[in-house]
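Please open the structure in your viewer and keep the selection tool at hand. The tour proceeds from one selection to the next and states what is to be found at each stop.

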Amino acid sequence: HISQKLLQAQESGKPIFSFEYFVPKTAQGLQNLYDRIDRMHSMGPSFIDVTWNAGGRLSNLTCEMVNMTQSVYGLETCMHLTCTGMPKSKVDDALKEAYKSGCQNILALRGDPPREKEKWEAVDGGFRYAKDLVRHIKNEYGDYFDIAVAGYPEGCDDQPDADLLLEHLKEKVDAGATFIITQMFYDVDNFLEWVKKCRAIGITVPIVPGIMPIQTYASFMRRATWTKCKIPERWMELLEPVKNDDVAVREIGKDLIAEMCQTMIDNGIMHLHFYTMNLATATSMVLEKLQLLPSVVKSPPSLPWRQSLGFNR
Ligand code: FAD
């Protein structure tokens, strides 16, 4: 179970990390991804997770990928599973597939509303919220699956009341979730405050921060806008002037993300979860900078401009 690994990291004070992958649309994309997952295995992630697309071929591919990474590559795998926008039988089939693959970890989610609908509406099957899925998994499988749920340090679209959103997070944990993975963010102080609020209302399970490394300026802006996450002013001051230079963006982005991760580690957050976007470079640069890769390759000598931008190392 992943939550055991998280608790062990917490107790030992030794940071660990994990990688998220999404299901590619083509067979060639899938093959390329398998090769990359295989290579990234050597970085030593404590687990990986695979996203879910409700219904259709892509959700079958999630199960196929989970089977491959868990039972063939032997990687501790967490399968994302949404509970709305598809028949309940599909949820049960996916759980059966995960069980057969030896996968013991599910990230239980509600799912987003269909693109054509502005507001989310409950459909068939009795699942309205992620907590319903948590309960369902518990009822059907007892403690076999470790169940993660999603957390939102900067709020989410359909719940403007931050306190209520926290209460709903607690309901998911009370229903049986054993750890939390958060939405991506770049405002580390806000995240640390949010963790304190979670603890204050009695959420005691491990909280895993979701980290999106910076690959290019355009993708950084697109994802931050899409998830409505706050970008600290200093980050924009550093990244905006070099936005057309991908190498400089990646280099500065690596320093900023590593700094954010180090702040979390210094504050006792011992697990870092990377949204890899199925790419290796930006994530491995951050891990190298944090000296968390198995055989530490020394960083290149400090470039003069890095110190003038305020980075220590
Ligand atoms: P819930 O926890 O059910 O919350 C949804 C809303 O319902 C919230 O506003 C909450 O406040 C409200 N609510 C909950 N309980 C109550 C109650 N009792 N009364 C009134 N309101 C209530 N989507 C995918 O499709 N595939 C993925 O693989 C995927 N992976 C994700 C991974 C992470 C780490 C995160 C953060 C999100 C992911 N998502 C994914 C997106 C997710 O499906 C959406 O954010 C979705 O809109 C909410 O899902 P949830 O599980 O947080 O919902």
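Begin by selecting Ile106 together with Ile147: in strand S5, Ile147 is the bridge partner of Ile106. The model is a predicted one, in which local features need pLDDT of at least 70 and side-chain atom pairs count only at pLDDT 80 or more, whereas totals for chains, interfaces and linings use all residues. Residues are numbered from 1 along each chain as its sequence is written. Strands (E, at least two residues) and helices (H or I, at least four residues) are DSSP runs, numbered from the N terminus.

**The strands around S5**

Extend the selection to strand S4 (residues 105-109) and S5; the two run parallel and are joined by four bridges. Two strands are said to pair if DSSP finds at least two bridges between them. Now add S6, which pairs with S5 in the parallel sense, also over four bridges. Here Val149 stands opposite Ile180 in S6. Is S5 enclosed or open? Five of the six residues of S5 (residues 146-151) are buried, so this strand is largely enclosed by the rest of the structure. A residue is buried if 20 or more other C-beta atoms lie within 10 Å of its own, exposed if 12 or fewer, and partly exposed in between, with C-beta atoms placed from the backbone.

**The nonpolar core**

Return to Ile106 and display its surroundings. Not counting residues up to four places away in sequence, Ile106 touches Cys78, Met79, Leu81, Ala98, Ile137, Phe145 and Ile147. Two residues are in contact if their C-beta atoms, placed from the backbone, lie within 7 Å. Ile106 is also one of the residues with the most contacts inside the largest nonpolar core, together with Leu81, Ala108 and Ala177; this core has 81 residues. The largest share of this core, seven residues, comes from helix H10 (residues 246-266). A nonpolar core is a set of buried Ala, Val, Leu, Ile, Met, Phe, Trp, Tyr and Cys residues joined through C-beta atoms within 7 Å.

**Helix H10**

Select H10 next. Its buried residues include Val249, Ile252, Leu256 and Met260, and Arg250, Lys254 and Asp255 are also among them. Place a distance label between the end C-alpha atoms of H10: they are 30 Å apart, which agrees with the 30 Å that its 21 residues should span at 1.5 Å a residue. The expected span of a helix is 1.5 Å times one less than its number of residues. Just after H10, select Gly268, which takes a positive phi of about 85°.

**The strands around S8**

Move on to strand S8 (residues 271-275), where four of the five residues are buried, so S8 is largely enclosed by the rest of the structure. Strand S1 (residues 16-21) pairs with S8 in the parallel sense over five bridges, and Phe19 stands opposite Phe274 in S8. Strand S7 (residues 207-211) pairs with S8 as well, again in the parallel sense, over two bridges. The bridge partner of Ile211 in S8 is Phe274.

Within S1, select Tyr21. Is Tyr21 buried or exposed? Tyr21 counts as buried because it has 22 C-beta neighbours inside 10 Å. Its C-alpha atom is 7.1 Å from that of Tyr275, although the two residues are 254 apart in sequence.

**Two further residues**

Select Ile201, in the loop between helix H7 (188-200) and S7. Ile201 counts as exposed because it has 12 C-beta neighbours inside 10 Å. Leaving aside neighbours within four places in sequence, Ile201 is in contact with Leu166 and Lys170.

Then select Glu288 in helix H11 (residues 281-289). Glu288 is partly exposed, with 17 other C-beta atoms within 10 Å.

**The ligand**

Finally, select the ligand and the residues around it. How many residues surround the ligand? There are 22, and the closest are Thr51, Arg110, Tyr129, Ala130 and Gln159; a residue is near a molecule if its C-beta atom, placed from the backbone, lies within 6 Å of it. Helix H6 gives the most to this shell, with four residues.

**The whole chain**

To close, display the entire protein chain, which has 12 helices and eight strands. Buried residues make up 39% of its 313 residues.
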